[in-house]
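Here's a walk through one protein chain, from an enclosed helix to a few single residues. Keep the viewer open as you read.

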Amino acid sequence: LSRAGTTWSLTSTMTSAPPPEPATCRTGWRSRLRQVMTILAAIPPPVMIVQPVRKVRRVETNVQALQAWAQSKARSDVLVQIAGSDEMAVFAPALEQTVRNAGDHLALGNVAAIEPLAALIENGGTVNLGHRAGLYRRVIWVVPAAGPVTSATLDEFRRVMAERRGYSEAALADFTAEGAWFVGTIDGIPLTVTALESLDVGRERAVLNIDLSYFVGRQAQDHAYRPGTASLLELLRFLKTRRIAADCVTVNLASLRQAVPMDIRYYGEIIGAALENPALLADPPPAIYALMIEAERELVAGRFGEAEVRYAELTRRRGDSAGLFFSLAVARGFGGRAEGCREALIEAYNLDPAYLRGFFQLARVLGGANKVEAGEYLLETPDLVKIIPAIEMDLQRGMFYFGAGNYHDAIVFLESVASQRRDDFAVRTVLLRAYEEVGATGKEAAVLEALIEIDAGRVDRDMPWVYKRLGRLTEEAGLGARAAEVYARYLELVPGDEDAESMSRVIERYGR
């Protein structure tokens with residue numbers, strides 16, 4: 001193996017010497033292979049968005065991202081996680097051996113071995129496994145904050161991490177504020193938490209994961225942020241200035257866990273194209289991106305006809321872009337063109353089956369915007385009805401009518417679902433709100449009882465108001481004993497409630 005300038009050459013030479021013994025041959029080649037791998041590992045990876053990156057994978061889940069890192073044989077210094085969540089976890093001691101074994105399999109490239117753990121680690125733990133497999137030594141989590149993360153106090157950071165990610169106080173104890181970062185460890189993994197503007201990878205080799213949930217979080221936290229092609233190109237240009245040497249890049253579209261709306265799924269296409277061809281980030285942008293920015297501007301301004309004209313032109317130029325067809329469907333739907341909306345969404349689905357969920361999402365958005373006819377037309381798409389089970393269609397129709405404010409129709413469909421899914425907590429919470437809207441207090445009380453029966457622990461933890469509301473309804477219905485019972489439970493959970501005195505009188509009167 002030799003090098004001349006930037007070119008590496010591998011040359012094989014033949015000799016007349018007798019062949020070595022098999023064991024010696026195997027040992028020799030293993031040694032040579034290790035030498036080759038050591039040399040290749042020393043070759044610096046491409047600088048992202050400065051040089052083309054070939055190892056770019058678009059994935060749908062965190063587990064698929066982890067598998068892609070392992071398949072790329074990453075041996076990096078740092079994982080840069082640009083996402084709405086750290087995707088880490090502190091595993092219970094009972095799982096420690098299982099997790100250790102999974103990490104060993106990943107280190108050997110056996111990515112299928114972690115599939116049995118997918119449900120366990122999808123919402124926290126994939127980053128841990130990558131670390132245990134030796135894919136990187138530390139983690140930088142880029143959070144969707146509008147300013148430096150240290151604009152909040154360390155105590156606030158710990159509180160948010162405990163509430164949203166379920167970490168114990170001990171797990172967060174060693175975090176400190178360093179400049180514009182929070183720095184500590186989780187599960188023994190060094191973690192730096194930063195906003196995008198404070199990201200600094202230095203000269204380290206990186207695995208980069210861009211999760212589209214980042215953009216959802218950024219919009220929620222930064223009121224000045226405007227999602228779309230323009231802001232995405234701006235973010236990518238900023239990443240170019242960070243000069244990140246990337247061994248591997250994944251773009252997590254996050255569709256399966258429904259963390260990302262379908263209208264920004266096309267970000268994956270743009271990010272992938274920019275990584276593979278950095279010239280696309282020129283300023284001004286290429287004509288196709290400029291036209292996309294124009295179309296988005298018209299859509300936001302409510303000029304749906306103008307937006308449709310531009311998206312029609314975009315789909316003519318890029319007939320392989322499912323995201324552009326989905327945007328065309330949005331423009332037509334809001335413009336009142338129900339049939340054209342359906343046609344465009346079918347094209348998106350034919351190009352990318354993940355847009356099946358787009359029928360339901362767009363229908364709900366249209367219903368909420370009083371475009372009920374267009375939403376109904378989408379839900380009645382013949383192919384959709386053929387491939388989706390009847391109970392799922394009833395659920396989607398119920399959610400559509402609920403979002404449109406047509407509570408009576410919503411109740412019809414949601415009751416059908418609830419009768420077949422007797423332990424479905426989520427459906428009953430929506431039914432409860434629908435019953436409240438129409439004043440069906442008898443049915444409301446029945447749903448409250450069902451919520452307690454299905455998961456009393458969840459009610460106690462997250463929804464103690466269920467007991468108070470049920471007590472009020474049963475008291476009004478003349479069921480004093482039941483009212484006293486649920487009031488007593490409520491006061492155990494919320495002893496300082498402002499109505500504690502009146503509830504205590506009911507308890508004293510009817511006993512427990």
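## What covers helix 9

In this predicted model, the buried residues of helix 9 sit under a mix of strands and helices. The cover includes strand 3 (56-59), strand 9 (205-211) and strand 10 (245-252), along with helix 7 (213-221), helix 8 (229-242) and helix 10 (287-300).

Which residues of helix 9 are buried? They are Y267, G268, I270, I271, G272, A274 and L275. Helix 9 runs over residues 267-276, and with seven of its ten residues buried, it is largely enclosed by the rest of the structure.

## The chain as a whole

Zooming out, the chain has 512 residues, and 46% of them are buried. You'll find 24 helices and ten strands along the chain. Along its principal axes, the C-alpha trace spans about 100 × 60 × 50 Å.

Plenty of the contacts link distant parts of the sequence. Take the contacts between residues at least 6 apart in sequence: 67% of those join residues at least 24 apart.

## Helix 13 against helix 14

Now to a pair of helices. Helix 13 (residues 338-351) and helix 14 (residues 356-368) have axes that come within 9 Å and cross at roughly 150 degrees. Angles over 145 degrees count as roughly antiparallel, so that's the label for helix 13 and helix 14. Their crossing is right-handed.

On the helix 13 side, the contact is made by C341, L345, I346 and Y349, and helix 14 brings L356, G358, F359, L362 and L366. Sort the residues of this contact by class and you get eight nonpolar, one polar and no charged.

## Helix 23 against helix 24

A second pair lies further along the numbering: helix 23 (residues 480-493) and helix 24 (residues 500-510) pack with their axes 8 Å apart, at an angle of about 130 degrees. Helix 23 and helix 24 are therefore oblique to each other. The crossing here is left-handed.

Helix 23 contributes G480, A481, A483, A484, Y487, A488, Y490 and L491, which meet A500, M503, S504, V506, I507 and Y510 of helix 24. By class, the contact of helix 23 with helix 24 has twelve nonpolar, two polar and no charged residues.

## Cysteines

How many disulfides does the structure hold? Zero. As a reminder, a disulfide is a covalent bond between the sulfur atoms of two cysteines.

Two cysteines are worth a click anyway. C248 counts as buried at 2% relative accessibility, and C341 counts as buried at 0%. You've met C341 already, among the helix 13 residues that make the contact with helix 14.

## Two charged residues to look up

Is D394 buried or exposed? D394 is buried, because its relative accessible area is 17% and the cut-off for buried is under 20%. This aspartate lies in helix 17 (residues 390-403). Leaving aside neighbours within four places in sequence, D394 is in contact with F413, S416 and V417.

R75 is found in the loop between helix 2 (62-71) and strand 4 (78-82). With a relative accessible area of 46%, R75 is partly exposed. Not counting residues up to four places away in sequence, R75 touches A107, A133, G134, L135, R205 and D247. One of those partners, A107, is 32 residues from R75 along the chain, and their C-alpha atoms are separated by 9.7 Å.

Conventions
Residues numbered from 1 in each chain as written. Predicted model: local features only at pLDDT ≥ 70, side-chain atom pairs only at ≥ 80, totals over all residues. Heavy atoms only, no water. Axes fitted to C-alpha atoms, helices over the stretch in contact; angles between N-to-C directions. Helix = DSSP H or I, 4+ residues; strand = E, 2+ residues; numbered from the N terminus. Parallel < 35°, antiparallel > 145°, perpendicular 65-115°, else oblique. Left-handed = near helix turned anticlockwise from the far one by under 90°. Contact = heavy atoms within 4.5 Å. Nonpolar A, V, L, I, M, F, W, Y, C, P; charged D, E, K, R; others polar. Buried < 20%, exposed > 50% of the residue type's maximum accessible area, 1.4 Å probe, protein only. Disulfide = S-S within 2.5 Å.
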